[in-house]
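Please open the structure in the viewer and keep the selection panel at hand. The tour proceeds by selections, each followed by a short account of what is found there.

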Amino acid sequence: MELAPVVAQQLVNEALKAQERAYAPYSKFPVGAALLAEDGRVFRGCNVENASFGLTTCAERNALAAAVVAGARPLAIAVVGNQHDLLPCGACRQVLAEFNPDLVVVTRSSAGVLTTRVLRQLLPEAFTLAP
Ligand code: THU
């Protein structure tokens, strides 16, 4: 699926809003995500850390969970952090691939330039259970 540049920018703007809500007192690395669903709705997610560090949840998975509980399915996701072209971690790639291996992933450089990739490029041959 192609994402119009104006839509990609809107999604990044939503992700930046989500980043403001990040709870990241330990890493001090706030991350925001915004997921565009098939029905046009947008779901935000931020990272939510915990004193028991391993319980931290990433922004992307929190956005996906918000979409799933609302009955939505993902078409695209934008991810932003205080690092240029922040890409979803491996665990998030696998969880996102469960719902859409052709998900469009939008990232942003420090200069504000957007890059669009397809999840399949980031996680080729994702694990699936045989039907
Ligand atoms: N983090 C995300 O939210 N998404 C990613 O794709 C990479 C990492 C968060 C987890 C942790 O709260 C912080 O960034 C530093 O790893």
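The stops below concern a predicted model, beginning with the ligand.

**The ligand and its surroundings.** Select the ligand and then the residues around it, which include Ser 27, Phe 29, Val 31, Asn 47, Thr 56, Leu 87 and Pro 88. The shell is made up of 7 nonpolar, 3 polar and 2 charged residues.

Next, display the side chain of Glu 49, where an N or O atom is 2.5 Å from an oxygen atom of the ligand. Turn then to Glu 60, whose side chain has an N or O atom 2.6 Å from a ligand oxygen. At Cys 89 it is a polar backbone atom that lies 3.0 Å from an oxygen of the ligand. The ligand taken alone exposes 380 Å², of which the protein buries 78%.

**Helix 3.** Select residues 90-99, which form helix 3, and highlight its buried residues Cys 92, Arg 93, Leu 96 and Ala 97. Looking down the helix axis, one finds the buried residues within an arc of 135°, so they line one face of helix 3. Now add helix 2 (59-69), strand 3 (74-81) and helix 4 (119-122), which are among the elements covering these buried residues.

**Two residues with positive phi.** Select Lys 28, in the loop that runs between helix 1 (5-19) and strand 1 (31-37). Its phi is near 55°, a positive value in a residue other than glycine. Is Lys 28 buried or exposed? Lys 28 is exposed, at a relative accessible area of 64%.

Finally, select Glu 125 in the segment after helix 4. The phi of Glu 125 is positive, near 55°, and this residue is exposed, with 82% relative accessibility.

Note on methods. Residues numbered from 1 in each chain as written. Predicted model: local features only at pLDDT ≥ 70, side-chain atom pairs only at ≥ 80, totals over all residues. Heavy atoms only, no water. Buried < 20%, exposed > 50% of the residue type's maximum accessible area, 1.4 Å probe, protein only. Helix = DSSP H or I, 4+ residues; strand = E, 2+ residues; numbered from the N terminus. Arc of directions from axis to C-beta. Contact = heavy atoms within 4.5 Å. Near = heavy atom within 4 Å. Polar contact = N/O pair within 3.5 Å; in protein donor to acceptor, adjacent residues only side chain to side chain. Areas by Shrake-Rupley, 256 points an atom, 1.4 Å probe, with all protein chains shown as cover. Nonpolar A, V, L, I, M, F, W, Y, C, P; charged D, E, K, R; others polar.
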